[in-house]
Amino acid sequence: MVEESSRIRYNHYREYRMKFLLNPRDRAELHQLFQTNERNYAVTDLLSTYFHSCARSLTKKEIFQEMEKRGADEETAFFFCLMRLMNVDSGEYRRFDSIRKGIHRLDPSRYEKNPFLQHIRFPESWKGNARFFNDSYLPYEGFPYADIEVDPDDAYREICSVGFFTRRYAFPSLIQNGVTWMSLIPNEIETMRSPISSAKGNVLVYGLGIGYYAYMIHLKEEVRTVTIVEKDRRIIDLFDKHLYRQFPYPEKIRVIRADALQYEKESNDRYDMAFIDLYHDEKDGIPLYRKFKKAEKRADRYEYWLEKSLIEGIRRALITLLNEQYFRLNVDYVHAENDNDDLINALYRYFSGTVFRSYREIKEMLSEESVLKAIRNL
């Protein structure tokens, strides 16, 4: 989840390079955009805290008590229990109503039938500080299970997915330095469906992980070869020892030990498609996304894991910039305390001098096409 930036403000530093020549109706729509952006940040901050700190706190007993009390279904009861767990005042529930729309009880068998889980066996094995580990979700433990959904016609309101199972769900993980680097959780399966479906020809994969993406696409007849670029020798060794021999068509697979960006910039190889999966989530993914979008030259087509969420994180930063410029806040566009500040500063330099004569022009600026063009030129 991308957290809201704490922007650095100086009373002596003023830069107002955008102009807003809007009629009252357009100004009202712009204000709604700012309010929705603040709400989006609040929702993702709350869910980030929940997922990382207390996702295992909700129990079946609490959910069923809430169902009986309200005459509600499990998903609605889950929402109210979540709000209470996160100490949200009942008067603020409407502020987080987008969470309710994203909560879904999921069928674990839908994921347990995945070909990778059906055919690949993971021993609990170590290589230095990297290891395979068998983890699990508990009943009623919430987790993000799909990419973000955004409604441009509702001031870019975001719907973040929250899934839960009613029984224990086991999955393999790759742990490195005590941090989970990749797990075959529903989120991975759901968010990789599209890049798996579109893979064909000679495919370049940046990031090995537990080999899920490589396994799934190498099963396809239309995929001739799969070249994986991974710089960590320990992860490559674990893959070679425990997973590679379980692939039905190992002759399709080639692993190159190299730095991803260096390979992208310096290799002479060409591919039909490249898939980039080098980050944990959109928060640490945006800086890499920015670098890769400017470096693309090895493949005819590029796919990025969680790209919808990456684009939305950038759009949020752009709306923050609009807010700063519209309300003439005292902001330093030179220094940055974090990656999000750096992104906003780069967006400021790129869009500096823009004049808006309608809200439609602001929506055009926030379109996916416009965001992608900006990222390639920042």
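These questions and answers walk through a predicted model of one protein.

Q: How many helices and strands does the protein have?
A: Both kinds of element occur in this predicted model. The protein has 16 helices and 15 strands.

Q: What radius of gyration does the protein have, and what would a compact globule have?
A: Start with the chain, which holds 378 residues. A compact globule with 378 residues would come out near 21 Å. The protein agrees with that, with a radius of gyration of 22 Å.

Q: What box do the C-alpha atoms fill?
A: The box is taken along the principal axes. The C-alpha atoms of the protein fill roughly 65 × 60 × 35 Å.

Q: What percentage of the residues is buried?
A: A residue counts as buried under 20% relative accessible area. Out of 378 residues in the protein, the buried ones make up 55%.

Q: What share of the accessible surface belongs to carbon and sulfur atoms?
A: The accessible surface of the protein comes to about 17800 Å². Carbon and sulfur atoms hold part of that surface, and their share is 45%.

Q: Among contacts between residues at least 6 apart in sequence, what share joins residues at least 24 apart?
A: Take the contacts in the protein between residues at least 6 apart in sequence. Those that join residues at least 24 apart make up 75%.

Q: How far apart are the mean positions of the positive and negative charges?
A: The protein has 59 positive and 60 negative charges. Take the mean position of each set. The two mean positions are apart by 1 Å.

Q: Which residues touch the most other members of the largest nonpolar core?
A: This core has 99 residues. Its largest share, 9 residues, comes from helix α13, residues 307-326. The members that touch the most others are Tyr212 and Ile362.

Q: Which residues is tyrosine 212 in contact with, leaving aside neighbours within four places in sequence?
A: Contact means heavy atoms within 4.5 Å. With the sequence neighbours set aside, tyrosine 212 is in contact with Asn114, Phe116, Met182, Leu184, Glu188, Ile189, Met192 and Ile196.

Q: Which elements do the buried residues of α16 pack against?
A: Helix α16 covers residues 368-377. Its buried residues are Ser370, Val371, Leu372, Ala374 and Ile375. These buried residues pack against α12, α13, α14 and α15.

Q: Is asparagine 87 buried or exposed?
A: Asparagine 87 sits in the loop between α3 and α4. Its phi is near 60 degrees, a positive value in a residue other than glycine. The cut-off for exposed is over 50% relative accessible area. Asparagine 87 has 72% relative accessibility, so it counts as exposed.

Q: Is alanine 155 buried or exposed?
A: Alanine 155 is in the loop between β5 and β6. Its phi is positive too, near 55 degrees. At 10% relative accessibility, alanine 155 counts as buried.

Q: Where is valine 203, and is it buried or exposed?
A: Valine 203 has its place in strand β10, residues 201-206. Its contacts, not counting residues up to four places away in sequence, include Ile217, Tyr271 and Met273. The relative accessible area of valine 203 is 0%, so it is buried.

Q: What distance separates the C-alpha atoms of valine 203 and threonine 225?
A: Valine 203 touches Thr225. Along the chain, the two are 22 residues apart. In space, their C-alpha atoms are separated by 6.2 Å.

Q: How far apart in space are arginine 224 and glutamine 32?
A: Arginine 224 is found in strand β11, residues 223-230. Beyond four places in sequence, it touches Gly201, Asn202, Lys252 and Asp272. Arginine 224 and glutamine 32 are 192 residues apart in sequence. In space, C-alpha to C-alpha, they are apart by 49 Å.

Q: Is glutamate 324 buried or exposed?
A: Glutamate 324 lies in helix α13. Its C-alpha atom is separated by 43 Å from that of arginine 270, 54 residues away along the chain. With a relative accessible area of 2%, glutamate 324 is buried.

Q: Where is asparagine 330, and is it buried or exposed?
A: Asparagine 330 has its place in the loop between α13 and α14. The C-alpha atoms of asparagine 330 and aspartate 269 are separated by 48 Å. The relative accessible area of asparagine 330 is 15%, so it is buried.

How values were computed
Residues are numbered from 1 along each chain as its sequence is written. This is a predicted model: local features need pLDDT of at least 70, side-chain atom pairs count only at pLDDT 80 or more; totals for chains, interfaces and linings use all residues. Side-chain values use heavy atoms; hydrogens and water are left out. Helices (H or I, at least four residues) and strands (E, at least two) are DSSP runs, numbered from the N terminus. The radius of gyration is taken over C-alpha atoms; the globule rule is 2.2 Å times the number of residues to the power 0.38. Buried means under 20% relative accessible area, exposed over 50%, partly exposed in between (1.4 Å probe, protein chains only). Accessible areas come from the Shrake-Rupley method with a 1.4 Å probe; for residues, only the protein chains shown count as cover. Lys and Arg count as positive and Asp and Glu as negative; His and the chain ends are not counted. The place of a charge is taken as NZ of Lys, CZ of Arg, CG of Asp or CD of Glu. A nonpolar core is a set of buried Ala, Val, Leu, Ile, Met, Phe, Trp, Tyr and Cys residues joined through side-chain atoms within 4.5 Å.
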